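Biologist: I'd like a close look at one single part of this protein, and then I'd like you to walk me outward from there. Could you keep it friendly for a first-year?

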Amino acid sequence: LLTPPAQAATADAGLFGSADPAYDGAFRQSLAILGLVAAKAPVPASATAWLTAQQCPDGSFQAYRADVSQPCSVPDPEAFSGPDSNSTALSATALRAVGRTSSAARAIAVLLRAQNADGGWGYTLGGASDVNSTALAVAALQAFPTTLQADGPIPRGTAYIKRAQIACTATPASRGALPYQPGQAANALASAQGLLGWTG
């Protein structure tokens, strides 16, 4: 379980969890906020403030910014650093859920610009598409009706996920599952997150 937001006068006041946030700060904060909203429980103002402060000037989010007064990192696919689609998608969803629609819309705009030609999204913005990232991006976009056009980003994203799905000719245990990327073995996390993209 995530610990309640820190109340100390630090840069991370309002952040859920006591573990190092370097690789999942915005992601876990967004999940915690969405969980509270789903449970109709109050979301601490400090929690929303922490997530809002993490947003990069261009509207994207990276896993964690230790010093929000400094520029965001340049996306680096090799190091899995810099702004990423997963943090951006979940943060957009969480911010919309607590009424921060302007911040959420800026994050959505980043996702729309980062969609690849194959319809998917990569973890690093502009990186090679994968099912996990595509599903989270599509789930975030589904909250914004202007992106629902028939040939728009959502249908292209769900089509990417569908193309990646393992066929019925595979071994019984893998049939219908999703891989991290098309052509790879079944992946439990990709299969679970893929459902988010299909169901919203």
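Which residues does Q165 touch, not counting residues up to four places away in sequence?

Modeller: First, a quick note on what you're looking at. This is a predicted model, where local features need pLDDT of at least 70 and side-chain atom pairs count only at pLDDT 80 or more, while totals for chains, interfaces and linings use all residues. Residues are numbered from 1 along each chain as its sequence is written, and side-chain values use heavy atoms, with hydrogens and water left out.

Now your residue. Leaving out anything up to four places away in sequence, Q165 touches G176, A177, L178 and W198; touching, or contact, means heavy atoms within 4.5 Å. G176 gets a bit extra: the Q165 side chain reaches its backbone oxygen at 2.8 Å. That's a polar contact, meaning a pair of N or O atoms within 3.5 Å; within protein, one must be able to donate a hydrogen and the other to accept it, and residues adjacent in sequence count only if both atoms are side-chain atoms.

Where does Q165 sit? Look in the loop between α6 (153-164) and α7 (188-199). Helices here are DSSP runs of H or I, at least four residues, numbered from the N terminus. With 23% relative accessible area, Q165 is partly exposed. The scale goes like this: buried is under 20% relative accessible area, exposed is over 50%, and partly exposed is in between (1.4 Å probe, protein chains only).

Let's follow α7 next. Its axis and that of α5 come within 7 Å, crossing at roughly 25 degrees, which makes α5 roughly parallel to α7. Axes are lines fitted to C-alpha atoms, for helices over the stretch in contact, and angles run from 0 to 180 degrees between N-to-C directions. As for the wording, under 35 degrees counts as roughly parallel, over 145 as roughly antiparallel, 65 to 115 as roughly perpendicular, and the rest as oblique. The α5 and α7 crossing is left-handed, so picture the near helix turned anticlockwise from the far one by less than a right angle (clockwise would be right-handed). On the α5 side, V131, N132, A135, L136, V138 and A139 make the contact, and they meet L189, A190, Q193, G194, L196 and G197 of α7. Sorted by class, these are 8 nonpolar, 4 polar and no charged residues. For the sorting, Ala, Val, Leu, Ile, Met, Phe, Trp, Tyr, Cys and Pro are nonpolar, Asp, Glu, Lys and Arg are charged, and the others, Gly among them, are polar.

Helix α5 itself (residues 131-141) is mostly covered, with 10 of its 11 residues buried. The cover over those buried residues includes α1, α3, α4, α6 and α7. At the start of α5, a side-chain oxygen of D130 reaches to within 3.1 Å of the backbone nitrogen of N132.

From α5 we can hop to α3 through N86, which is found in α3. N86 touches S133 and L136, plus F27 and Y123, not counting residues up to four places away in sequence, and S133 and L136 are among the buried residues of α5. N86 is buried too, at 9% relative accessible area. Its side chain also shares a polar contact of 3.1 Å with that of S85.

S85 leads on to a helix pair. Helix α3 (residues 85-97) packs against α4 (residues 101-114) at about 150 degrees, axes 8 Å apart, which makes α3 roughly antiparallel to α4. This crossing is left-handed. From α3, the contact uses S85, T88, A89, A92, L95 and R96, and from α4 it uses T101, S103, A104, A107, I108, V110 and L111. By class that's 8 nonpolar, 4 polar and 1 charged.

Two of those names turn up again at S60, in the loop between α2 (45-53) and α3. Skipping residues up to four places away in sequence, S60 touches T88 and V110, along with Q55, P83 and L125. S60 is buried, at 1% relative accessibility, and its side chain makes a 2.7 Å polar contact with that of D58.

And back to where we began: how far is Q165 from T101 in space? C-alpha to C-alpha, they're 33 Å apart, and 64 residues apart in sequence.

Conventions:
Helices (H or I, at least four residues) and strands (E, at least two) are DSSP runs, numbered from the N terminus.
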